[in-house]
Every structure is written in structure tokens, then in C-alpha cells.
Amino acid sequence: MSKEVQTKQVLVFTSSWCSNCGNMKQLLDEAGVEYKAVDVDTDEGMKLAQEHQVRGLPTTVIIRDGVVVRKIVGVQNKSIVERDIKEA
């Protein structure tokens, strides 16, 4: 595994009441990216959501080497999500 793969994280901020959050989770699964997305329920992980300035759901945060490199708010086109995660 390359160093890039080992140092990249994908956080997906969701909530049980968010109807579009399930769509984003499915899109990430279908995108087939090599990084496991970690779901963060904003009702339970409010502090983490505040740290990442989550203002809308779903919000996908891509972190490389401990630094946020991309933030995707809302459900986006699959090709855009794939590109953002791979390029980050």
C-alpha cells in the first residue's frame, strides 16, 4: 500500500433524520474508491461536526496527513465524488 493510501481519511457526516445521507453513503460505496468512509452521526458526534464546520448534511470531509483537503456538501454526482477523493 502506498503512503498516500495510508494517510487519507474520508469522514461522512450524516444523521438519522437526513433523507439524502443514505444516498451519499450509497454513492460512496458505488464509487469504489480505495478508502473506507467513516460515518459520523452528527447527533452523536456533534463536537467532531463542529470541529469540521459542518453546516449541511450530508457533508463528506477528505483528510490527508491530518489536514482537510476537500469538503463535499450535499449529494454530488458520482464522478465528481470519485474525482475529489482520488485527487485529494
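The paragraphs below walk through the sheet, the helices, the loops and the nonpolar cores of this predicted model.

A good place to start is the sheet. Four strands make up an open sheet with mixed pairing, and their order is β2-β1-β3-β4. The edge positions are held by β2 (37-41) and β4 (67-73); each of these strands has a single partner, so one side of each is left without a neighbour in the sheet. On average, neighbouring strands are turned by 25° against each other when direction is ignored.

The pairings can be followed one by one, beginning at the β2 edge. Strand β1 (residues 8-14) and β2 run parallel and are joined by five bridges. One register point here is T14, whose bridge partner in β2 is D41. Towards β3, the sense changes: β1 and β3 run antiparallel, with six bridges between them. In this pairing Q9 stands opposite I63 of β3. The pairing of β3 with β4 is antiparallel as well and extends over six bridges, and T60 has I72 in β4 as its bridge partner. As general background, the strands of a sheet pair through backbone hydrogen bonds, in either a parallel or an antiparallel manner.

Strand β3 also deserves a look for its burial. Five of the six residues in β3 are buried, which leaves the strand mostly covered.

Two helices lie across the strands. Helix α2 (residues 21-31) lies across β1, β2, β3 (59-64) and β4, and its direction makes an angle of about 155° with β1. Helix α4 (residues 78-87) lies across β1, β3 and β4, running at about 175° to β4.

The backbone holds a few details that may be of interest when torsions are inspected. The loop between α3 (46-51) and β3 contains P58, and the peptide bond joining L57 and P58 is cis, with omega at about -10°. Q53 is found in the loop between α3 and β3 too. Although not a glycine, Q53 has a positive phi, near 50°. The relative accessibility of Q53 is 51%, and this residue therefore counts as exposed, the cut-off being over 50%. A further positive phi in a residue other than glycine belongs to D65, at about 55°. D65 sits in the loop between β3 and β4, and the hairpin formed by these strands has two residues between them.

Side-chain packing completes the picture. The largest nonpolar core has eleven residues: V10, V12, M24, L27, L28, Y35, I62, I72, V81, I85 and A88. Two or more residues of this core come from each of β1, α2 and α4, and α2 gives the largest share, with three residues. I62, one of the core members, has contacts that reach several parts of the chain. Leaving aside residues up to four places away in sequence, I62 touches K8, Q9, V67, V68, V69, R70, I72, D84, I85 and A88. Separate from this core is a second one of seven residues, among them L11, V40, V54 and I63. I63 thus appears both in this second core and opposite Q9 in the pairing of β1 with β3, while I72 belongs to the largest core and is also the bridge partner of T60.

Definitions and conventions: Residues are numbered from 1 along each chain as its sequence is written. This is a predicted model: local features need pLDDT of at least 70, side-chain atom pairs count only at pLDDT 80 or more; totals for chains, interfaces and linings use all residues. Side-chain values use heavy atoms; hydrogens and water are left out. Two strands pair if DSSP finds at least two bridges between them. Axes are lines fitted to C-alpha atoms, for helices over the stretch in contact, and angles run from 0 to 180 degrees between N-to-C directions. Contact means heavy atoms within 4.5 Å. Buried means under 20% relative accessible area, exposed over 50%, partly exposed in between (1.4 Å probe, protein chains only). A nonpolar core is a set of buried Ala, Val, Leu, Ile, Met, Phe, Trp, Tyr and Cys residues joined through side-chain atoms within 4.5 Å.
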